[in-house]
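Here is my note for you, written as numbered points to be read alongside the structure. Please keep the display open and find each residue as it is named.

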Amino acid sequence: LPLNSDKSLGVIAGFCGEESNDGHVFDISAAAWNDDSLNEHLKDLRPRSVCISASFPSAGVSVIFGGEVDPSAKGHEGAGGFENDIVLLQESNGHYVKTIPA
């Protein structure tokens, strides 16, 4: 997810045996991971994977749409339960703002 007007890349949420809501920032110009993890700022984000994201720097917001929130009993062999909400994050740093339910 592009952050900070495309100066950073946010790696947010995912799947590591279960859906996660962790986050990390990669500084593109320094070609290094930022030491400040987003985990504290994403604690209110419902864990998810397989989601869509976009960034809108002029509006100061990044969004995550939907995603798998309940894993399938078949693991990677089948789809689980999906959410169709919109999550708002601060575009400058990836901090969680709020979730807009469907």
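**Notes on the predicted model**

1. Let us begin with Phe 26, which has a relative accessible area of 23% and is therefore partly exposed, since residues count as buried only under 20% and as exposed only over 50%. Please keep in mind throughout that this is a predicted model.

2. Which residue forms an aromatic pair with Phe 26? The count of aromatic pairs comes to 1, and in it the ring of Phe 26 is joined by the ring of Trp 33, with the two centres 5.2 Å apart. The planes of these rings stand at 70°, so the pair is edge-to-face, because planes over 60 degrees apart are given that name.

3. Trp 33 also belongs to a nonpolar surface patch of about 370 Å², to which Leu 9, Val 11 and Ile 28 contribute as well. Ile 28 is found in the loop between β3 (19–27) and β4 (32–33), and with a relative accessibility of 46% this residue counts as partly exposed.

4. The two strands on either side of that loop, β3 and β4, pair in the antiparallel sense over 2 bridges, and here Asp 27 stands opposite Ala 32 in β4. Both strands are part of an open sheet of 4 strands, which has the order β1-β2-β3-β4 and antiparallel pairing. At the edges of this sheet are β1 (2–3) and β4, each of which pairs on one side only.

5. There is another open sheet to trace, again with 4 strands and antiparallel pairing, and its order is β5-β6-β7-β8. Its edge strands are β5 and β8 (96–100), each pairing on one side only, while neighbouring strands of the sheet are turned by 25° against each other on average, if direction is ignored.

6. Within this sheet, look at strand β5 (residues 52–56) and strand β6 (residues 61–70), which run antiparallel and are joined by 5 bridges. One place to check the pairing is Ile 52, whose bridge partner in β6 is Phe 65. The two strands form a hairpin with 4 residues between them, and in its turn Gly 60 has a positive phi of about 70°.

7. Farther along the chain, strand β7 (residues 81–90) pairs with β8 over 4 bridges, also in the antiparallel sense. Here a useful residue to find is Leu 89, which has Tyr 96 as its bridge partner in β8. When you follow any such strand by eye, it may help to recall that in a regular strand the side chains alternate between the two faces of the sheet.

8. How many salt bridges does a search of the whole structure find? The search finds 4, and one of them is formed by Asp 70 and Arg 46, whose closest N and O atoms are 3.5 Å apart. This pair links distant parts of the chain, because Asp 70 lies in strand β6 whereas Arg 46 lies in the loop between β4 and β5, 24 residues apart. Asp 70 is partly exposed, with a relative accessible area of 40%, and Arg 46, at 38% relative accessibility, counts as partly exposed too.

9. Arg 46 also meets the side chain of Glu 83 in a salt bridge, at 2.9 Å from N to O. Glu 83 is in strand β7, and this pair, 37 residues apart, again links distant parts of the chain. At 25% relative accessibility, Glu 83 counts as partly exposed. Through their shared partners, salt bridges join Arg 46, Asp 70 and Glu 83 into one network.

10. Are Arg 48 and Asp 85 buried or exposed? Both of these residues are buried, and their side chains meet in a salt bridge with an N to O distance of 2.8 Å. Arg 48 comes from the loop between β4 and β5 and Asp 85 from strand β7, so that distant parts of the chain, 37 residues apart, are linked here.

11. Lastly, the loop between β4 and β5 also holds Val 50, which is exposed, with a relative accessible area of 62%. The C-alpha atoms of Val 50 and Glu 83 are separated by 10 Å, although the two residues are 33 residues apart along the chain.

How values were computed
Residues are numbered from 1 along each chain as its sequence is written. This is a predicted model: local features need pLDDT of at least 70, side-chain atom pairs count only at pLDDT 80 or more; totals for chains, interfaces and linings use all residues. Side-chain values use heavy atoms; hydrogens and water are left out. Two strands pair if DSSP finds at least two bridges between them. Axes are lines fitted to C-alpha atoms, for helices over the stretch in contact, and angles run from 0 to 180 degrees between N-to-C directions. Patches are made of residues with over 30% relative accessible area and no salt bridge: like charges are joined within 9 Å, nonpolar side chains (Val, Leu, Ile, Met, Phe, Trp, Tyr) within 5 Å. Accessible areas come from the Shrake-Rupley method with a 1.4 Å probe; for residues, only the protein chains shown count as cover. Buried means under 20% relative accessible area, exposed over 50%, partly exposed in between (1.4 Å probe, protein chains only). Rings of Phe, Tyr and Trp (its six-membered ring) pair if their centres lie within 6.5 Å; planes under 30 degrees apart count as stacked, over 60 as edge-to-face and the rest as tilted.
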